Structure formats: C-alpha cells, structure tokens
Amino acid sequence: MITVSLSKNDVHNGSLILVNRDCPVYAEHCGNRLMPVGDNGKVLIEKSAANVLKKLMRDMNLGEKIIATSGYRSKEKQTKLYENSLTDNGLEFTAKYVALPDHSEHQTGLAVDLALKQRDIDDIRPYFPYTGDCGAFREKATVAGFIERYPEGKEKITGIAHEPWHFRYVGAPHAKIMHEMSVTLEEYHLLMKEFPYGEKPFKFDFDGSTVSISYLAAGSEQTVFETESDVPFSVSGDNMNGYIITKWVG
C-alpha cells in the first residue's frame, strides 16, 4: 500500500471540477498548462484536453471540417463577453448562454466551443449539429473524455440553456459513464457521493478494463488516503468539498 496526501487546495484541481452558478472558479488555469488547438493557435485549452482533442480530430480527419471557436478565457475576457452580450442581446439571452465571470467553465481551460467550419460563425452560439461530421465527432468524444456539457432538458440543473457546441473535458472513463447514464456533471458528482472511498465503489467496464470510482470527503487542511501500490489511479477534486478517486483495477 502507499499513502497519498492532498492539500486543501487540491480540491479545486482536476478534470472533474464542477464550475457553475453555485461553484465559482477557484484558480484560473494559465501559462504552461495551456496548449493551442486549431490552425491559428489563438484558441487555448488545458494540455491534457488539448492532446486528446487534437488526436481525436486527427484520427477522424476532421481538421478541415470542425474548428474550435473558443477555449480558455481569462476573467477579464469573460467579463467583457458578458457585458457586451448584455448590451447587444439583453439580460434574458445573456443569462441563458453566457456565464457570469468566475462562474464560467472557460476560465478553467477544460471547456471548448466547437463549430462546423463555414463562412459565418456565431461567436456565442456556433452551429454544431447532431448529424454529419459533428454527429460522428459526438459518438467518439465520450470515449475520448469529452461530454456535451449543457444537454437539452437539463437546463434547470446546469443553469445554462442547451448548448450543442460546448464540450467539456472530464476524462475517461467518466465522459462515457455520464453519456450512458444521461447525467450532467452536477448529477455525476451527486451519484459518486453514494460510493464512499474504502467501501463499495462504483464499477464500470471500459476499454477492456474494470474501473473502480469512489468519493472521498476532503479534510479541513489535509486529506490522506491509502491505495494499492500496484493499481494505477487518478485523483480529481470536485471544486466543492471532496475528491473523485479512479482506479484501473482490471
């Protein structure tokens, strides 16, 4: 067995952190943790997410068909986007499609807006249908680790209107689990709290392996847990009060 120690700020880091109207961004991702996606190099997202997205686009030969229109945004950029939308589109539209500053996933670097490549692209609501190349991308994205973050019918849970273009990197196998269970990230975190670490874990068969997933509540200053030395694992904070521990036990 090995002992893993986490600091109190680790709860705000990881691919599964929740950012919404109730959970603000704790610390923005920046600097060498970001990587460009797309040809122009202007759209940046978190490194792990960027590598997965670029490989997926390359393997599916979608580089000339789908483009990234928005990725990481600083607080200043999100504030400007929000204020401009208020002026141009009004409060009702803005509340549906533009998150408040410090409550936007784009400030984490884990979110990306995608669009079908065409002459005119809407900056706030890019066109990304459920058919053709975009539909094919959706089928592969969940296996790779991306979810459609704001699905139709879940608006009261996410606080954001249906956004077919907004994808969020949560990593594998979590994206596939969410997709198969038709749950949002908010609902996923509630589900995982039913599987406390060290007790009966949530198990899922993925890519020929059995994955064990558990929730561990954070301590006030430090969180310590033990795990098998020969079992690969990952830890992500939830940006609230705990951690999701994923083990590849198969």
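Rings of Phe, Tyr and Trp (its six-membered ring) form an aromatic pair if their centres lie within 6.5 Å; planes under 30 degrees apart count as stacked, over 60 as edge-to-face and the rest as tilted. By this rule there are ten aromatic pairs. The structure is a predicted model, in which local features need pLDDT of at least 70 and side-chain atom pairs count only at pLDDT 80 or more, while totals for chains, interfaces and linings use all residues. Residues are numbered from 1 along each chain as its sequence is written, and side-chain values use heavy atoms, with hydrogens and water left out.

**Exercise 1. Classify the pair of F137 and F167, and place both residues in the chain.**

Step 1. A pair of aromatic rings is described by the distance of the centres and the angle of the planes. For F137 and F167 these are 5.4 Å and 90°.

Step 2. The pair is edge-to-face.

Step 3. Helices (H or I, at least four residues) and strands (E, at least two) are DSSP runs, numbered from the N terminus. F137 belongs to helix α4 (residues 132–144) and F167 to strand β7 (residues 163–169). With their positions 30 residues apart, the pair links distant parts of the chain.

Step 4. Buried means under 20% relative accessible area, exposed over 50%, and partly exposed in between (1.4 Å probe, protein chains only). F137 has a relative accessible area of 1%, so this residue is buried. F167 is buried as well, at 2%.

Step 5. Another pair, F195 with F202, is edge-to-face, with 5.4 Å from centre to centre and 80° between the planes. Both of these residues are buried.

**Exercise 2. Describe where R125 lies and what R125 touches.**

Step 1. R125 is in the loop between β5 (111–116) and α4.

Step 2. The relative accessibility of R125 is 37%, so R125 counts as partly exposed.

Step 3. Contact means heavy atoms within 4.5 Å. Not counting residues up to four places away in sequence, R125 touches F93, Y97 and W165. These three residues are linked into a cluster by ring pairs.

Step 4. A charge sits over a ring if NZ of Lys or CZ of Arg is within 6 Å of the ring centre and within 35 degrees of the ring normal. The charged end of R125 sits over the ring of Y97, 5.0 Å from its centre. Elsewhere, R138 lies over the face of Y130, at 3.8 Å from the ring centre.

Step 5. R125 and L190 are 65 residues apart along the chain, and 29 Å separates their C-alpha atoms.

**Exercise 3. Find how α1 and α4 pack, and which residues meet.**

Step 1. Axes are lines fitted to C-alpha atoms, for helices over the stretch in contact, and angles run from 0 to 180 degrees between N-to-C directions. The axes of α1 and α4 are 11 Å apart, and the angle is about 140°.

Step 2. Angles under 35 degrees count as roughly parallel, over 145 as roughly antiparallel, 65 to 115 as roughly perpendicular and the rest as oblique. α1 is therefore oblique to α4.

Step 3. On the α1 side the meeting residues are V52, L53, L56 and M57; on the α4 side they are F137, K140, A141 and A144.

**Exercise 4. Do the task of Exercise 3 for α6 and α7.**

Step 1. The packing angle of α6 and α7 is about 100°, and their axes are 11 Å apart.

Step 2. The two helices are therefore roughly perpendicular to each other.

Step 3. H174, I177, M178 and M181 in α6 meet L185, Y188 and L191 in α7.

**Exercise 5. Locate the residues N61, S182 and P173, and state a backbone feature of each.**

Step 1. N61 has phi near 55°, a positive value in a residue other than glycine. Its place is in the loop between α1 (47–59) and β4 (66–70). At 57% relative accessibility, N61 counts as exposed.

Step 2. S182 also has a positive phi, near 55°, and is not a glycine. S182 lies in the loop between α6 and α7 (185–192).

Step 3. P173 follows A172 through a cis peptide bond, with omega near 5°. P173 is in the loop between β7 and α6 (174–181).
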